[in-house]
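Trainee: Could you take me through one part of this predicted model in close detail? I would like to start from a single helix and work outwards from there.

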Amino acid sequence: MSSASKGDRKASLDAASWLFNVVTSVAIILVNKALMATYGFSFATTLTGMHFATTTLLTVILKSLGYIQTSHLPKSDIIKFVLFANCSIVGMNVSLMWNSVGFYQIAKLTMIPVSCLLEVVLDNVRYSRDTKLSIILVLAGVAVCTVTDVSVNAKGFIAAVIAVCSTALQQYYVHYLQRKYSIGSFNLLGHTAPAQAASLLLVGPFMDYWLTNKRVDAYDYGLTSVLFIILSCTIAVGTNLSQFICIGRFTAVSFQVLGHMKTILVLFMGFIFFGKEGLNLHVVLGMTIAIAGMVWYGNASSKPGGKERRSFSIPTTKTQDYAALPVSSESVEKATP
């Protein structure tokens, strides 16, 4: 296959990966918003555990059918990953409860600088001036769109720091493990999803009771709410997989930067489906700035020297990549609110 054909195929797979992630992420946010706001199912941690349980079930079925073959991932790496991922989920929920929405959004924006720092320190990545400026422009645009009232307290600040650091580490680790062990997205999910499902379903009901003062077992499960839960879990499989695919194909930083397109789309879709309240020139200006920054980032980071790894010393363990979907077949280089 010629280099041009390979380049075209990679570009097509990259675009398919991003589209897959954007569609599933926006869909699950809208479904969860309806589930929680309309039907009162406010048990976010438990629901996330259900998401990973559904993902685990799918990986088990695909493995039994031969679409996913056995691969190796040390238990120590699985434990570290699950620790980072669960701290991210719980930390974000607690941060939202203890902080204002404005500070919560600012905390989410700091994930990009933290992810950049991880890549600089751990992977010796260097960014060009244009790449840095484009990231700043994206952050500024999203801040204009989403940040309103800002108030913070000591415990809220600590929760936000834990949430941001654990999320950045979890997304970095997705790329690190796929690169080190040469495993695909479904393989990695097959290793990590069962542990996340078990731990979140065990801790989730207690965490949700602490956050909401409501018991998940006392919820009035009706037909419509159950159907929404099933729909949420089904979409979550695609969301989890697409995050691993995107971070595996790109980097955690690129996933964060371009992932803010989902924030813009969620705002836009929210105005369409849930009313135009809050849509004003201020928000439209922020959206425009953020999109311009994303386009600039994509252009700047793809140029020679825009983003490069000066040295690469991560030892790799050769195992075959058994990703079931074509978009996950190249595990080279997070991913919901």
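Mentor: Happy to. Let's begin with Leu231, which lies in helix α9. Is Leu231 buried or exposed, or something in between? Its relative accessible area is 39%, and since buried means under 20% and exposed over 50%, Leu231 counts as partly exposed. Leu231 also has a distant partner in sequence: Val31 is 200 residues away along the chain, yet the two C-alpha atoms are 7.7 Å apart in space.

Now stay on α9 and turn to its meeting with another helix. Helix α9 covers residues 223-249, and helix α2 covers residues 44-64. Their axes come within 8 Å and cross at roughly 65°, and the crossing of α2 past α9 is right-handed. Which residues meet there? On the α2 side they are Leu47, Met50, His51, Phe52, Thr54, Thr55 and Leu58. On the α9 side you will find Ile229, Ser232, Cys233, Ala236, Val237 and Asn240. Sorted by class, the residues of this contact give eight nonpolar and five polar, with no charged ones.

Walking back from α9 towards the N terminus, we come to the loop between α8 (185-212) and α9, where Asn213 sits. Asn213 is not a glycine, but its phi is positive, at about 60°. Its relative accessibility is 58%, and because exposed means over 50%, Asn213 counts as exposed. A second asparagine invites the same kind of look: Asn124 has a positive phi of about 55°, and it is not a glycine either. You can find Asn124 in the loop between α5 (111-123) and β1 (125-127). With a relative accessible area of 23%, Asn124 is partly exposed.

For another asparagine, go to helix α3 (residues 75-98), which holds Asn86. Here the relative accessible area is 13%, so Asn86 is buried, the cut-off being under 20%. Who are its contacts, once neighbours within four places in sequence are left aside? They are Gln196, Ser199 and Leu200. You can also pair Asn86 with Gln170: the two are 84 residues apart in sequence, and 9.1 Å separates them in space, C-alpha to C-alpha.

Since you work with computed structures, you may like a look at the empty space too. The largest cavity has a volume of about 30 Å³. Its lining is made by Gln105, Lys108, Leu109, Val142, His260 and Thr263. Two elements, α4 (101-109) and α10 (252-274), each give two or more residues to that lining. Of the elements, α4 gives the most, with three residues. By class, the lining has two nonpolar, three polar and one charged residues.

Finally, here is the wider setting for all these details. The protein chain has eleven helices and two strands. Read along the sequence, they follow the pattern α-α-α-α-α-β-α-α-α-α-α-α-β. The chain has 337 residues, and buried ones make up 50% of them. If you return to the view we started from, look once more at α9: Leu231 lies in that helix, and α2 passes it in a right-handed crossing.

Methods:
Residues are numbered from 1 along each chain as its sequence is written. This is a predicted model: local features need pLDDT of at least 70, side-chain atom pairs count only at pLDDT 80 or more; totals for chains, interfaces and linings use all residues. Side-chain values use heavy atoms; hydrogens and water are left out. Axes are lines fitted to C-alpha atoms, for helices over the stretch in contact, and angles run from 0 to 180 degrees between N-to-C directions. Helices (H or I, at least four residues) and strands (E, at least two) are DSSP runs, numbered from the N terminus. A crossing is left-handed if the near helix is turned anticlockwise from the far one by less than a right angle, and right-handed if clockwise. Contact means heavy atoms within 4.5 Å. Ala, Val, Leu, Ile, Met, Phe, Trp, Tyr, Cys and Pro count as nonpolar, Asp, Glu, Lys and Arg as charged, and the others, Gly among them, as polar. On a 1 Å grid over the protein atoms alone, a cavity is a set of points where a 1.4 Å probe fits but cannot get out, and a pocket is an open set with protein on both sides within 12 Å along at least five of seven lines; lining residues have an atom within 4 Å of a point. Grid points are joined across faces, edges and corners, and a volume is the space filled by probe spheres set on the points. Buried means under 20% relative accessible area, exposed over 50%, partly exposed in between (1.4 Å probe, protein chains only).
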